[in-house]
Amino acid sequence: MSHPKSPEPYRYTLAERLYLPLLSGMWVTLRHFVGNLFGRRKSVTIEYPEERRQYSPRFRGHHILTSRPDGSLRCVACFLCATACPAECIHIEAGEHPDVNVEKYPVVYDIDMLRCVFCGYCVDACPEEAIVMSNNYDMAFFNRASSVVTKEELQKPFTYDSSRLGYRPRYPEEEAMRAEARAQLQAGRVDLVGEARRRQEQAAAAR
Ligand code: SF4
Ligand code: SF4
């Protein structure tokens, strides 16, 4: 194979000299613009915040500190979440609880949301299910100080909706689905072997 001895200058084609590839790029943009304007279902974008995406029930959003039925925080200030946190963004100051059965409570419980990496380790580490995560991803801050959310804000995040819980230790809805599937299986209403054979035959026929 021969190698060029000297660099050859690139020769523009006539279409390139007339900027025609640029026009074809603009045509793609125009086609999508008009398509989205009149057939909105093709659009992949949404009109946030009026329109919101449904995220997974395991979405790791704004944290929530859960409460006991009497309204007090379930947190016993054991520091396990702060120890497990890889971003070191949880700050807790413990105080003595008046109830001897509880022992401690968090006088201060802050999370620096700009340092948090939303890994969920704090939820996993908590022995009291005192911290869970929500589906709330509305986290815009006007200054650095307001990104450090306090115990009061964590207990009731400003857009908190109990039907939009995110990452947490238990998923009662999934457990109910599994129990239903097990009941169907035990009642003989589901034929797993027959279903596997049917799919195998379908796959073979499709080949
Ligand atoms: S989600 Fe992860 S980074 Fe954020 S506070 Fe919990 S442990 Fe720390
Ligand atoms: S949130 Fe859970 S892990 Fe963290 S200090 Fe409170 S009880 Fe302990």
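Helix H6 lies largely in the open, because the number of buried residues among its 15 is zero. This is how things stand in a predicted model. The helix covers residues 172-186, and its length can be checked: at 1.5 Å a residue it should span 21 Å, and its end C-alpha atoms are indeed 21 Å apart, so the two agree. Just after H6 comes Gly 188, with a positive phi of about 75°.

Away from that helix, there is an open sheet to look at. Three strands make it up, in the order S2-S3-S5, and the pairing is antiparallel. Strand S2 (90-96) and strand S5 (148-149) sit at the edges with a single partner strand each, so one side of each has no neighbour in the sheet. S2 and S3 are joined by seven bridges, while S3 and S5 pair over two.

A few residues show how the strands line up. Ile 111 is the bridge partner of Ile 90 in S2's pairing with S3, and Ile 111 also stands opposite Val 149 in S5. Next along S3, Asp 112 has Val 148 in S5 as its bridge partner.

Then there is the nonpolar interior. The largest nonpolar core holds 20 residues, and Leu 65, Cys 122 and Ile 131 have the most contacts inside it. Several elements feed this core: strand S1 (63-65), strand S3 (104-112), helix H4 (121-125) and strand S4 (131-133) each bring at least two residues. Ile 131 gives a good idea of how these parts meet. Neighbours within four places in sequence aside, Ile 131 is in contact with His 63, Leu 65, Cys 81, Cys 122, Val 123 and Cys 126.

Some of these cysteines turn up again around the two ligands. Ligand 1 has 14 residues around it, and the nearest are Cys 85, Cys 116, Cys 119, Tyr 121 and Cys 122. By class, that shell splits into 13 nonpolar residues, one polar and no charged. Ligand 2 is surrounded by 13 residues, with Cys 75, Cys 78, Leu 80, Cys 81 and Cys 126 the closest. Here the shell comes to 12 nonpolar residues, no polar and one charged.

Put side by side, Cys 122 is among the residues with the most contacts inside the core and is also one of the nearest to ligand 1. Cys 81 and Cys 126, for their part, are in contact with Ile 131 and are among the closest residues to ligand 2.

How values were computed. Residues numbered from 1 in each chain as written. Chains lettered and ligands numbered in written order. Predicted model: local features only at pLDDT ≥ 70, side-chain atom pairs only at ≥ 80, totals over all residues. Near = placed C-beta within 6 Å. Nonpolar A, V, L, I, M, F, W, Y, C, P; charged D, E, K, R; others polar. Core = buried A, V, L, I, M, F, W, Y, C linked by C-beta atoms within 7 Å. Buried ≥ 20, exposed ≤ 12 C-beta atoms within 10 Å, placed from the backbone. Helix = DSSP H or I, 4+ residues; strand = E, 2+ residues; numbered from the N terminus. Contact = placed C-beta atoms within 7 Å. Pairing = 2+ DSSP bridges. Expected span 1.5 Å × (residues − 1).
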